[in-house]
Amino acid sequence: MQNGIQDLLGVAIPAIALGVAAIILMVQRELGPFSRLSTGGKWLLTGAFGMGILAFAVKISVAVAVTRMPVPVSAASPPLEAPSAVAQQVWAYQPDAPQKYVWQALPQMAPEPPDNPATPEKIALGKRLFFDKALSADGQLSCASCHDLYGKAGGDGRRTARGIAGQIGGRNAPTVWNAAFQSQLFWDGRAASLEEQAQGPILNPLEMGMPSAAAVEAVIRKNPLYQQAFAQVFGAEQPITLARIAAAIAAYERTLITPDAPYDRFVRGDRQALNPQQLRGMARFESVGCVTCHKGPNFSDASLVGGQIPRRIFPALPTAFEKRFDLTPDGRGGGVERGAWRIPSLRNVALTGPYFHNGAVEKLSDAVRIMAGAQLGTRIGAAPQSGELYWSSRARVLNRVESRTLNEQDVDDIVAFLQALSSDTLASHAGKSGA
Ligand code: HEC
Ligand code: HEC
């Protein structure tokens, strides 16, 4: 930039001086005597023509300034204007005017649909149903059997779920905590609300295995406690239906949210809530691109607030992990290869392994490596440390150069950050089954 202005002035000043000299000569020597102007008149005319020159000079300067930018930095100056061709393959650098990611804490309340407003009685009824094994065909399973709220942070800790009569399902049981913030439920996003979702497992032959909605309704209707509670919540004249059972469960599930993670405390202003490693991981989580999909307060673009692309192809890019963890086929059958999967929330993820739709990955660090490779095309290797700075003179922006390659330290840092997404309450209970 400095060089640019100097060059420009070097051309512009002599040009203007020459132009003005020419005008003076012309008016005083040629035009003045010819039109018999007085001295004052001659200078007035000179001034008038001079303005033209000045305006022309300004136009030229602007044109030159525009064409000369960006100005090359001399070879001797160390900070890069832009990384070299080779460096560009290795380094991802933020564009000139970086759109910084804005971090959000989880709201203290989940949004609720207008047609299913919660009341304390409805929530209590939903809670009773959530823990009631009568909703399963053999009376052995409740929602809580596969969604152990405290012992397993809302999942079951198994690779894939175990339904009635010990049947092994094809998919991992995701946590119910914060599901209230998702606009699509299930791994493939096939349910649009908790109300819709809750009817699924009750009738799923591999899960609670009830034969029909009528059978479920009959079981609940038999129980005088439920008769009373449903009458109180939905009105005495309203029959007990599977839809109302699901509505009550959904209202209860909307209370299952965890705005009490260290991350939330940090975003709300407690600067001590994250340790330096977690902060490094947070920066890396953003710079490497995890926030493209795991964004917003619930770390999922499939969350209710502001989601755009709720599902993504996974694995999007081929990696060696695919074979090792059998990632492509869908355990549920149907031969889906490289399916489009709902982006899961990463809240409490450190407590809810094993990971992915097929539950094939035990370690969170492996899940991070897989995501980096399969979703972002990022290599894991002995990368140079990130952190080099570069000054973009054009935008006058100081950017931090981030390595495109994650090294093992980066993976550990991201895992540490993900641990900061664990609710304090759930973390203190984790592992104590049934607690
Ligand atoms: C046999 C174990 C099992 C039982 C019992 C069970 N679930 Fe699930 N739950 C699962 C599995 C497995 C999935 C994922 C299935 C899929 O994606 O296809 C799931 C998914 C969910 C989800 C979606 C979470 C998300 O992030 O998408 C919610 C909510 C949920 N279950 C609530 C319930 C409720 C409410 C009940 C009781 C009515 C229940 N579950 C009973 C295993 C179970
Ligand atoms: C292009 C979108 C996309 C990007 C980018 C992305 N993810 Fe994911 N992530 C997904 C999808 C989709 C799934 C669900 C995959 C499945 O169904 O098995 C997922 C699953 C996960 C899981 C497993 C969650 C669970 O409960 O099993 C973790 C952990 C995770 N991502 C972390 C990350 C990290 C860390 C990054 C950055 C390195 C990242 N993701 C980048 C889309 C993405």
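**Exercise 1. Find the polar contacts of ligand 1 and describe its shell.**

Start with the backbone: a polar backbone atom of Trp187 sits 2.9 Å from an oxygen atom of ligand 1. Polar contacts here are pairs of N or O atoms within 3.5 Å; within protein, one must be able to donate a hydrogen and the other to accept it, and residues adjacent in sequence count only if both atoms are side-chain atoms. Next, Phe186 brings a polar backbone atom to 2.7 Å from an oxygen atom of the ligand. Then look at a side chain: Gln197 has a polar atom 3.1 Å from a nitrogen atom of ligand 1.

Now for the elements. Two or more residues of the shell come from each of α5, α6 and α9 (242-253), and α6 supplies the largest share, 5 residues. (Helices are DSSP runs of H or I with at least four residues, strands are runs of E with at least two, and both are numbered from the N terminus.)

Finally, sort the shell. 28 residues surround ligand 1, with Cys143, Cys146, His147, Arg171 and Phe186 the nearest; "near" takes a heavy atom within 4 Å. They split into 16 nonpolar, 6 polar and 6 charged, where Ala, Val, Leu, Ile, Met, Phe, Trp, Tyr, Cys and Pro are nonpolar, Asp, Glu, Lys and Arg charged, and the others, Gly among them, polar.

A word on ground rules: this is a predicted model, where local features need pLDDT of at least 70 and side-chain atom pairs pLDDT 80 or more, while totals for chains, interfaces and linings use all residues. Residues are numbered from 1 along each chain as its sequence is written, chains are lettered from A and ligands numbered from 1 in the order written, and side-chain values use heavy atoms, with hydrogens and water left out.

**Exercise 2. Work out which protein atoms are donors to the iron atom of ligand 2, and why the arrangement is octahedral.**

Step one, the donors: His294 (NE2) and Met371 (SD) lie 2.1 Å from the iron atom. Donors are N, O and S atoms within 2.8 Å of the metal (3.2 Å for Na, K and Ca); water is not among the atoms, so sites may look incomplete.

Step two, where they sit: His294 is in the loop between α11 (276-287) and β2 (311-313), Met371 is in helix α13, and the pair links distant parts of the chain, 77 residues apart.

Step three, the angles: the 6 donor atoms subtend 83 to 179 degrees at the iron atom, so the arrangement is octahedral. Six donors earn that label if opposite donors are over 155 degrees apart and all others between 65 and 115. The ideal values for six octahedral donors are 90 or 180 degrees.

Step four, accessibility: His294 is buried at 9% relative accessible area, whereas Met371 is partly exposed at 23%. (Buried is under 20%, exposed over 50%, partly exposed in between, with a 1.4 Å probe and protein chains only.)

For contrast, ligand 1's iron atom has a single protein donor, His147 (NE2), at 2.1 Å.

**Exercise 3. Check the length of α13 and decide how enclosed α13 is.**

Take the expected span, 1.5 Å times one less than the number of residues. For the 13 residues of α13 that gives 18 Å, and the end C-alpha atoms are 17 Å apart, which agrees. Then count burial: 10 of the 13 are buried, so the helix is largely enclosed by the rest of the structure. Among them are Leu364, Asp366 and Arg369. Helix α13 (residues 364-376) also gives the shell around ligand 2 its largest share, 6 residues.

Methods:
Four donors count as tetrahedral if all angles lie between 85 and 135 degrees; four count as square planar and six as octahedral if opposite donors are over 155 degrees apart and all others between 65 and 115; anything else is irregular.
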